[in-house]
2 protein chains.
Amino acid sequence: MKATITDVAKVAGVSMKTVSRVLNNEPNVAAKTRERVLAVATELKYSPNLAAKGLASSRSYLLALVYDNPSPYYIAKIQSGAIDGCRKFGYHLVPEPLGLPDDAAETTQEEAVHRLLHRLPVDGVILTPPLSDSSGVIKALESMNIPFVLVAPSGQKTGISAVKMDDVQAAREMTNFLIAQGHKSIGFIKGHLEHSATALRYEGFQEAMAEANLKVHDHEVKQGDFSFRSGVVAAEELLEDVNTRPTAIFASNDDMAAGVVSVASRLGIVVPDELSVCGFDDTPLAKILFPQLTTVQQPIYEMGFEAVKILLDPALKNTPALTRNLDFKLVVRDSALIQGS
Amino acid sequence: MKATITDVAKVAGVSMKTVSRVLNNEPNVAAKTRERVLAVATELKYSPNLAAKGLASSRSYLLALVYDNPSPYYIAKIQSGAIDGCRKFGYHLVPEPLGLPDDAAETTQEEAVHRLLHRLPVDGVILTPPLSDSSGVIKALESMNIPFVLVAPSGQKTGISAVKMDDVQAAREMTNFLIAQGHKSIGFIKGHLEHSATALRYEGFQEAMAEANLKVHDHEVKQGDFSFRSGVVAAEELLEDVNTRPTAIFASNDDMAAGVVSVASRLGIVVPDELSVCGFDDTPLAKILFPQLTTVQQPIYEMGFEAVKILLDPALKNTPALTRNLDFKLVVRDSALIQGS
DNA sequence: CTGAAAGCGCTTACAG
DNA sequence: CTGAAAGCGCTTACAG
């Protein structure tokens, strides 16, 4: 059967406690003893029973990834980074959608979190958008005294750890790229009003334009909602008038940029020769479109990974709350690359 | 502090064991006693400690979703169904990518599974494609005596439970749909050679054509690899010659169908008026394309849900291995819908 | 229908 | 540097 810590202790001729010390890298073990124990552990293929460890130490060795109705692509990448992070620390990740139960329409998110983490006590929680902006969820976590990290929250909350990227700066760099390509009239399509990135990306766009002394005309800025459909509608308005038509369009995400490309293609406007198009997010769509999309790659995987590190890295233990700003990447592809430039 | 089973027992005036009986829905408890215990449990907001339960009963209340390099979209849907299934049974799902560690190029998948499930003993495993066809992984699971269910395996393995859908029948129905629309010359683009669905979908296509007494010409069948790019190449060949050009193209997945649509649009061939296009999978892409794609919706969420049921449903306990064939759905959208038909 | 005892495999707190 | 004892919060196997 499966070896236990007692088996290892017996074979190595030491006490259970010494085996425990070795396996948990605690100090105060003679080098020789340590070696012997490790050798025996390997030989017996010993691996600790998580339930027993958890019960004795009142830890669970589990981290929860709590989300609500995210894009599958986004959550999959966060999760992938978080799982890799967990593996470094002997932890496991449990994804928990925070859907409110159908039979209890009255329930608040706060209560849902309580119920969830009462059933499965975890050692930490990673909160993804839009939950990272939910004060109810944050309050519940604080009251339960469970460590947590926010992924891409909209504002800075003091005393709460977070991983994020600089949307303003990314939008600014994308705009600067277009300006460097010679564009002076640039259309912009905003995202969903309630999504925090919407304002930030627009802000970056405006700043870059202002720095270059370029005017942002009202008719060049359209309200979208991050959907392909809204990109189509916005593009139709932006491209309607041949005389006032911008030479480039910066859509706040890839889906809307795809809408722009589709309208351009229907109107016979050649991208990028007659119109440059950029998106944001670098979704799989960006590489499938023709031409492929110039866009911003967010450090989604890295955010998942770093969130785990903040929760579990012993080196960060007892550190006050900290915010990690991770690097984005401008991905230049054909949709906004003028030939030979 | 958090209430334990002893607290509930004390307040309810019964033994720990009786509380345990009530909470686990075991028989042989007086109705009155049951009520009283439940009332106290609710009052104290009692919820059992999973680690303690697990240690005592040598169960983990954890199921592993084991995958390797899947499409994020596919894995997210399987996972979503599996999580909902787990919740019905008080279980939790732990996603475990089976990546081979970088530092051990020699390691086999079999060893990777052993290592993985040795660290985290789970009560069951859900194996997603392509791992559901890996004999090494299956052997490892069998040798460790861990119950498991295959998701969409290619063949029938006796003695092993599986959830799947009928690819042959789906491809046949899609082809019949095209034939009913009046098409007689239908192009087909095959998928990746090593993927099990490839042969099945082609088989369904061939059967439907044969049943309708329609010939499948060699030049109308192209080898793809499920990528957008391969769809483009295949479409260029299929549409090259205006005289032998098919009036419909059935691509084995949506990405390749998107490639076909893109080529058609470049060549000025109007979809669906001059060319009907169908895909397979109903990925998010299908609704983003213009025109939207006629495709097959796989029961991915349902496969995740049913896999959990097979593992945990007490009603299925002690049942021999069983295979659940779940229903697909033909989703007819503009890319293959002749106006007024 | 109910309960007292033992034990699951670890860690904590203490002693030496 | 090492170990013996107690205990984490449950279930199992047994007794009545």
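**Exercise 1. Work out which residues surround DNA strand D, and what kind they are.**

*Solution.* Start with the count: 23 residues surround DNA strand D, and the closest are A:S15, B:I5, B:S20, B:A52 and B:A56. Near, here, is when the C-beta atom of a residue, placed from the backbone, lies within 6 Å of the molecule or strand.

A word on the ground rules. This is a predicted model, where local features need pLDDT of at least 70 and side-chain atom pairs count only at pLDDT 80 or more, while totals for chains, interfaces and linings use all residues. Residues are numbered from 1 along each chain as its sequence is written, and chains are lettered from A and ligands numbered from 1 in the order in which they are written.

Next, find the elements. Two or more residues each come from α2 (16-23) and α4 (50-57) of chain A, together with α2 (16-23) and α4 (50-57) of chain B. Helices (H or I, at least four residues) and strands (E, at least two) are DSSP runs, numbered from the N terminus. The top contributor to the surface near DNA strand D is α4(B), with five residues.

Finally, sort by class: 11 residues of this surface are nonpolar, nine polar and three charged. Ala, Val, Leu, Ile, Met, Phe, Trp, Tyr, Cys and Pro count as nonpolar, Asp, Glu, Lys and Arg as charged, and the others, Gly among them, as polar.

**Exercise 2. Do the same for DNA strand C.**

*Solution.* Around DNA strand C you'll find 23 residues, the closest being A:I5, A:S20, A:A52, A:A56 and B:S15. At least two residues each are supplied by α2 and α4 of chain A and by α2 and α4 of chain B. Here α4(A) holds the largest share, five residues. The class split reads 11 nonpolar, nine polar and three charged.

**Exercise 3. Describe the contact between chains A and B, then find how the copies are related.**

*Solution.* First, the tally: 30 residues of chain B and 31 residues of chain A take part. Contact means that the C-beta atoms of two residues, placed from the backbone, lie within 7 Å.

Second, look at the side of chain B that touches chain A. α4, α5 (72-88), β2, α6 (109-119), α11 (254-267) and α12 (285-288) of chain B each put in at least two residues. α5(B) gives the most, seven residues. By class, this side has 19 nonpolar, eight polar and three charged residues.

Third, superpose. Chain B lands on chain A after a rotation of 180° with 0.0 Å of shift along its axis, at an RMSD of 0.1 Å. The fit is by least squares on the C-alpha atoms of residues with pLDDT of at least 70 in both copies. The two copies are therefore related as by a two-fold rotation axis. Both use the same surface, as 100% of the contact residues of chain B recur in chain A.

**Exercise 4. Trace the open sheet of chain A and place helix α13 against it.**

*Solution.* Six strands line up as β2-β1-β3-β4-β5-β11 in chain A, with parallel pairing. Strands pair if DSSP finds at least two bridges between them. At the edges sit β2 (92-97) and β11 (323-326) of chain A, each pairing on one side only. Neighbouring strands are turned by 20° against each other on average, direction ignored.

Zoom in on one pair: three bridges join β3(A) to strand β4 (residues 148-151) of chain A in the parallel sense. Within it, A:I126 has A:V149 in β4(A) as its bridge partner.

Now the helix. α13 (residues 300-312) of chain A lies across β1 (62-67), β3, β4, β5 (161-165) and β11 of chain A, running at about 160° to β4(A). Axes are lines fitted to C-alpha atoms, for helices over the stretch in contact, and angles run from 0 to 180 degrees between N-to-C directions.

**Exercise 5. Spot the unusual backbone in chain A.**

*Solution.* Keep the norm in mind: most residues other than glycine have a negative phi, and most peptide bonds are trans. Then check three loops.

- The bond from A:P129 to A:P130 is cis, with omega near 5°; A:P130 lies in the loop between β3 (124-127) and α7 (135-144) of chain A.
- The bond from A:V271 to A:P272 is cis too, with omega near 5°; A:P272 lies in the loop between α11 (254-267) and β9 (276-278) of chain A.
- A:D281, a residue other than glycine, has a positive phi near 120°; it lies in the loop between β9 and α12 (285-288) of chain A.
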